[in-house]
Amino acid sequence: MEINADFSQRSLLHTPQLDWQDSPMKGVRRRVLDRVGKEVARATSVVSYAPDSHFSPHVHTGGEEFIVLEGVFQDEHGDFPTGFYVRNPPQSSHTPGSDDGCIIFVKLWQFDLEDRQAVAIDMNTVPLQDDASRHGVQINTLFQNERETVRLEQWQAGASVSVDTSGGAELLVLEGDFTDHGDTVDTLSWLRLPIGAEFQATAGPAGARVWIKTGHLRYAEQEKTRLP
């Protein structure tokens with residue numbers, strides 16, 4: 001199964017407007033943003049857990065990273081409220097669920113298979129520093145290795161912002177909005193930019209708080225081929 005799987009194309013999806021689809025687990029639904037594979041897939045999705053819903057215990061052979069968008073996500077490693085960014089590396093395992101319900105943005109099978117670095121960061125409390133190369137932008141680097149960089153960025157109202165797309169880029173708006181190529185990219189909109197794409201955003205009147213991943217799309221075709 002391939003959904004929005006041409007990584008050479010710009011893709012903008014306003015995730016609250018997408019239909020929910022049932023997953024194999026009762027009480028868990030998803031909005032698929034891109035996907036290659038069947039039930040085990042290289043996938044980017046927004047996933048909703050109804051109250052008292054849980055997945056069965058499983059191993060993340062290809063790794064998992066997620067952002068808690070609403071509610072509290074839970075597993076045996078702890079409770080992760082809204083605003084947490086979590087990376088569960090390849091070969092990690094857990095039993096995910098939510099007592100009161102939650103919504104997460106999640107990416108699967110997009111890791112270096114040798115990566116073993118776990119990350120759990122509360123993005124509500126991380127310090128932001130001025131980016132000396134981009135006026136009106138503050139950043140916190142959440143994760144970085146030779147494959148990719150993941151950042152939280154705060155853009156001031158009206159700021160003109162560029163993003164390095166030499167290895168592709170992916171943006172999820174957590175608060176506020178910006179415009180790019182005539183499109184308004186508002187709260188919970190997801191934008192994927194192909195390698196080398198032109199990007200010059202203008203932050204909206206309330207600014208924008210944005211999760212950004214860069215560099216990783218150089219490996220997208222390789223990731224497609226290593227699925228079981």
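Below are exercises on a predicted model, each with a worked solution.

Residues are numbered from 1 along each chain as its sequence is written. In this predicted model, local features need pLDDT of at least 70, side-chain atom pairs count only at pLDDT 80 or more, totals for chains, interfaces and linings use all residues, and side-chain values use heavy atoms, with hydrogens and water left out.

**Exercise 1. Describe the overall fold by its secondary structure, radius of gyration and burial.**

Step 1. Count the elements. The protein has one helix and 22 strands. These are DSSP runs numbered from the N terminus: helices are H or I with at least four residues, strands are E with at least two.

Step 2. Check the radius of gyration, taken over C-alpha atoms. The globule rule is 2.2 Å times the number of residues to the power 0.38. The computed radius is 17 Å, close to the 17 Å that the rule gives for 228 residues, so the protein is as compact as a globular protein of that length. The C-alpha trace spans about 45 × 35 × 35 Å along its principal axes.

Step 3. Look at burial. Of the 228 residues, 54% count as buried. Buried means under 20% relative accessible area, exposed over 50%, partly exposed in between (1.4 Å probe, protein chains only).

Step 4. Look at contacts, meaning heavy atoms within 4.5 Å. Among those between residues at least 6 apart in sequence, 68% join residues at least 24 apart.

**Exercise 2. Find the largest nonpolar core and the strands that supply it.**

Step 1. Apply the criterion: buried Ala, Val, Leu, Ile, Met, Phe, Trp, Tyr and Cys residues joined through side-chain atoms within 4.5 Å. The largest such core has 20 residues. Those with the most contacts inside it are Trp155, Leu171, Phe178, Leu193, Phe199 and Val210.

Step 2. Assign strands. Strand 16 (137-144), strand 19 (169-180), strand 21 (189-193) and strand 22 (200-214) each supply at least two residues of this core. Strand 22 gives the most, with five residues.

Step 3. Separate the other core. Apart from the largest core lies another, of 19 residues, among them Leu69, Ile103, Ile121 and Val126.

**Exercise 3. Work out what surrounds arginine 134.**

Step 1. Locate the residue. Arginine 134 is in the loop between strand 15 (129-130) and strand 16. It counts as buried, at 11% relative accessibility.

Step 2. List polar contacts (N or O atoms within 3.5 Å; within protein, one must be able to donate a hydrogen and the other to accept it, and residues adjacent in sequence count only if both atoms are side-chain atoms). The arginine 134 side chain meets the side chain of glutamate 153 at 2.6 Å. The arginine 134 side chain also reaches the backbone oxygen of serine 162 at 2.8 Å.

**Exercise 4. Classify two aromatic pairs.**

Step 1. Set the cut-offs. Rings of Phe, Tyr and Trp (its six-membered ring) pair if their centres lie within 6.5 Å; planes under 30 degrees apart count as stacked, over 60 as edge-to-face and the rest as tilted. The whole structure holds nine aromatic pairs.

Step 2. Take phenylalanine 80 and phenylalanine 84. Their centres are 5.6 Å apart and their planes at 70 degrees, so the pair is edge-to-face. Both residues are buried.

Step 3. Take tyrosine 85 and tryptophan 211. Their centres are 6.3 Å apart with 50 degrees between the planes, a tilted pair. Tyrosine 85 lies in strand 10 (residues 84-88) and tryptophan 211 in strand 22, so the pair ties together parts that are 126 residues apart in sequence.

How values were computed
Lists of a residue's contacts leave out its neighbours within four places in sequence.
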